[in-house]
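Here's a model I'd like to talk through, charges and core included. Fire away with whatever comes to mind.

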Amino acid sequence: MSRMCEGRVVVVTGAGRGLGRAHALAFAAEGAKVVVNDLGVGLDGTPGADGPSLHVVEEIRAAGGQAIAHGGDVATSAGAASLVAAALDTYGRLDTLVNNAGFLRDRMLVNLDEDDWDAVVRVHLKGHFLPLKHAAAHWRAEAKAGRSPAARIVNTSSGAGLLGSVGQSNYSAAKAGIVGLTLVAAAELARYGVQVNAIAPAARTRMTERTFADTMTAPDSGFDAMAPENVSPLVVWLGAEQSAGVTGRVFETEGGRITVMEGWRPGPTADKEARWTPEEAGEAALKLLGEAETPGPVYGA
């Protein structure tokens, strides 16, 4: 029986540990050739002692799959370009990009340093944009040459990006930006045969097991709802040809649950058909808020 991603070449960023590792192994199990990217940094983005991408490659090869390691910084143009080149030079094609790399530097807003803001936004948001840009340029060239790809991009947002998260203003802003990037990329790249979607996963990783320790602990027995491997089946499907026609969507996924997220849409509206005074605008806003749905809770509140 044919596996879902047989013959496809998949790049996964931040694939040395946690969700990225789970995705890489899951794609390989479905027949994909995988480029395992990881810079090997610590939880806060500082250089680590080893190269975890090599360990994942060894796991894939030990199971009979094909994979190579890439240790470049995908938040630089050179690193992102070399990532795409690694797939093309080694396997001759690129079919799926999974953007997953990231780290945390949590602080309450008034204590957050500018460097901590820049570092987190850089790796999450810029680290999505640059691989996406270089992969999309390749697929556009393929489409213009008459070789229409069945290309897929899966971005990684977060509940923090959709609802906000106390103590994570830098991370929440970056993850919200990823949703906006996903929507624009889906619209712009559809003509080239590229589908772009995002997930907002909840799982046990180095980033979450400290921040949400109470809910991330593995159970002694039974279904481990927070295992990162629970998220990967949806990512594999989104990265496969079988997801044809699905683009510009955000999915929340946790344990055995998958939710299609429905974003901003017009709610109650008032139109005076003339300019409001400040007092009138305030009265109208309060009336509309009384008619609107109550927003969901902020994470960590």
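**Charges and core**

Reader: Where does E280 sit: buried, partly exposed or exposed?
Author: E280 has a relative accessible area of 28%. Heads up: this is a predicted model, so local features need pLDDT of at least 70 and side-chain atom pairs pLDDT 80 or more, while totals for chains, interfaces and linings use all residues. Residues are numbered from 1 along each chain as its sequence is written, and side-chain values use heavy atoms, with hydrogens and water left out. Since buried means under 20% relative accessible area and exposed over 50%, with partly exposed in between (1.4 Å probe, protein chains only), E280 counts as partly exposed.

Reader: Which residue does E280 form a salt bridge with?
Author: A salt bridge here is a side-chain nitrogen of Lys or Arg within 4 Å of a carboxyl oxygen of Asp or Glu. For E280, the closest N and O atoms are 2.6 Å apart, and the partner is K272.

Reader: And which residues end up in one network through shared partners?
Author: Salt bridges that share partners do the joining. The network consists of R21, E59 and E229.

Reader: How many residues apart in sequence are the parts that E241 and R8 tie together?
Author: Their side chains meet in a salt bridge, 3.9 Å from N to O. Helices (H or I, at least four residues) and strands (E, at least two) are DSSP runs numbered from the N terminus. E241 is in the loop between helix 9 (232–238) and strand 7 (250–254) and R8 in the segment before strand 1, so the separation is 233 residues.

Reader: Is R8 buried or exposed?
Author: Its contacts (heavy atoms within 4.5 Å), leaving aside neighbours within four places in sequence, include D95, R152 and E241. Its relative accessibility is 4%, so R8 counts as buried.

Reader: How many salt bridges are there in the whole structure?
Author: One of them pairs R147 with E142, the closest N and O atoms being 2.9 Å apart. A search of the whole structure gives a total of 13.

Reader: Which residues touch the most other members of the largest nonpolar core?
Author: A nonpolar core is a set of buried Ala, Val, Leu, Ile, Met, Phe, Trp, Tyr and Cys residues joined through side-chain atoms within 4.5 Å. This one has 27 residues, and helix 1 (18–29) and strand 2 (33–37) are among the elements that each supply at least two. The residues you're after are F27, V34, V36 and I60.

Reader: How many residues does the second, separate core have?
Author: Its members include V35, L83, L94 and W139. The count is 26.
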